[in-house]
Amino acid sequence: MRKIFAVMALSLLAAHVMAAVSPEEAAKLGTSLTPVGAEKAGNADGSIPAWTGGIPKNAGAVDSKGFLADPFANEKPLFVITAATVDKYKAKLSDGQVAMFKRYPETYKIPVYPTHRTVNLPPDIYESIKRSALNVHAINNGNGLENFTGNRYYAFPIPKNGVEVLWNHITRYHGGNLKRIITQATPQTNGSYTPIRFEEEVAVPQAIPDIDPAKAANVLSFFKQSVTAPARLAGNVLLVHETLDQVKEPRLAWIYNAGQRRVRRAPQVSYDGPGTASDGLRTTDNFDMFSGAPDRYDWKLVGKKEMYIPYNSYKLDSPTLKYDDIIKAGHINQDLTRYELHRVWEVVGTVKPSERHIYAKRHMYIDEDSWQVALVDHYDGRGQLWRVAEGHAQFYYDHQVPAYTVETLYDIIAGRYIALGMKNEEKSSFVFGFAAKAADYTPAALRSTGVR
């Protein structure tokens, strides 16, 4: 019996040691690795430069609405990948990107620019990352986090498996509390669309002074989304409490329906439930390229590779553009996009035999410098490539926050797509660090938010 207990104790100790890295390994953060866990060195031929601290907070002008000047506005593409040349570059493209060239051979293109490793984060976030490396470990088969306290960012900066890489995307820094006004479009095959306008808030427990610590212990963030246009949808409000361990405590969600003037629980706002006003073109967990619980998939870490991914998308965010300049038939206006060669983590999620999801497989590519998902190829139950996601990212240098300019999800079978996150015509860019109150993120608060 004593021997059995000894074996059990050693097993538990080994599980804990495997989950959190050693002090010697954590010491690589900020030395051979960047403070977030990326390789500091460039690649062999210099096409990916070394990380030297990112770009400064004053890298460009900021206009009266908060929109950022493009620090690289004078650069020209090194080359443009087209359907005629795609085979030459396919080793650094996802299968989904290659499929886009086949689906839209006349119009889809990838302009490739010089690589700039722009990301850098505030010092206190770097401190929390090192703390995570030393203390956080996964529980419930990787579907929850333990010892993830204080500033909850980047749970596994030195990941050992696929689900840990995914957790870094889920727990990445969004600038604290964030407000934004954005537009979504779901164009028909001819390019016609009706813009859907959202006002959104994301608040984190550590930045809500009056939060009850006990109630927030398993909460990663609070999310509130109000639809303000078109008129037929205006006034509907979604509230989500995003939990850290969604197996132990599933995501909590409520919807206020302006027509009925009622607040209802919304368990469908999870996994492959339909995304808000998405015309069936995205799932709930397609939001933010991937969001929610990872528990329905087995996540395999393939490794790292160099790929052409959307990056430094300042041109696409210009307030001089109209949404009609961006939304075109088949895909967004690729002349406004910017791609760069970066190292990415490659992770493949396959639905567990005991689970169900409309995406049987998700092939993900995650930027090493920001831990943001950059590309995802989604496959249906027949193994057929179905939807191709691209996260057009930019770095908000004035606030030291990486984020998405536009998220696109292309249905290459139906020939339609969804573009989420545009704000070119809105009254302001993102608002970081707003003052949040706990009472704002209760079901009772939805009625006052949903004014029609």
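In this predicted model, a convenient place to enter the chain is D279, which is found in the loop between β10 and β11, the latter strand covering residues 297-310. Although D279 is not a glycine, its phi is positive, at about 55 degrees, and with a relative accessibility of 48% the residue counts as partly exposed, a class that lies between the under 20% of buried residues and the over 50% of exposed ones.

A second residue with this kind of backbone is N312, which is likewise not a glycine and has a positive phi near 50 degrees. The loop that holds N312 runs between β11 and α8, a helix of residues 323-326. Here the surroundings can be stated plainly: N312 has a relative accessible area of 3% and is therefore buried. Most residues other than glycine have a negative phi, and most peptide bonds are trans.

Strand β10 also takes part in a hairpin. Residues 252-257 form β9 and residues 262-265 form β10, and these two strands pair in the antiparallel sense over four bridges. Within this pairing, Y256 stands opposite V263 of β10. Four residues lie between the two strands of the hairpin, and in this hairpin R261 adopts a positive phi, near 55 degrees.

The peptide bond between A229 and P230 is cis, with an omega of about 5 degrees. P230 belongs to the loop that connects β7, residues 219-229, with β8, residues 237-243.

Two further residues illustrate how parts of the chain that are distant in sequence meet. Q97 is part of helix α4, which comprises residues 95-103, and its relative accessible area of 0% makes it buried. When residues up to four places away in sequence are set aside, Q97 touches Y108, I110, M307, Y308, Y339, L375, V388 and E390.

N143, by contrast with the helical Q97, sits in a loop, the one between β3 (137-139) and β4 (144-146). N143 counts as buried, because its relative accessibility is 7%, which falls under the 20% limit for that class. Leaving out residues up to four places away in sequence, the partners that N143 touches are W167, L244, D245, Q246, V247, P294, D295 and K352. As a measure of separation across the model, the C-alpha atoms of N143 and S428 are 36 Å apart in space, while the two residues are 285 residues apart in sequence.

These local features belong to a protein chain with nine helices and 18 strands. The radius of gyration of the chain is 22 Å, close to the 22 Å that the globule rule gives for 452 residues, so the chain is as compact as a globular protein of that length. The C-alpha trace spans about 70 × 60 × 50 Å along its principal axes. Of the 452 residues, 58% count as buried, and among contacts between residues at least 6 apart in sequence, 66% join residues at least 24 apart.

The surface and the charges complete the picture. The accessible surface of the protein chain comes to about 18,800 Å², and carbon and sulfur atoms account for 55% of that area. The chain carries 53 positive and 48 negative charges, and the mean positions of the two sets are 4 Å apart.

Definitions and conventions. Residues are numbered from 1 along each chain as its sequence is written. This is a predicted model: local features need pLDDT of at least 70, side-chain atom pairs count only at pLDDT 80 or more; totals for chains, interfaces and linings use all residues. Side-chain values use heavy atoms; hydrogens and water are left out. The radius of gyration is taken over C-alpha atoms; the globule rule is 2.2 Å times the number of residues to the power 0.38. Buried means under 20% relative accessible area, exposed over 50%, partly exposed in between (1.4 Å probe, protein chains only). Contact means heavy atoms within 4.5 Å. Accessible areas come from the Shrake-Rupley method with a 1.4 Å probe; for residues, only the protein chains shown count as cover. Lys and Arg count as positive and Asp and Glu as negative; His and the chain ends are not counted. The place of a charge is taken as NZ of Lys, CZ of Arg, CG of Asp or CD of Glu. Two strands pair if DSSP finds at least two bridges between them.
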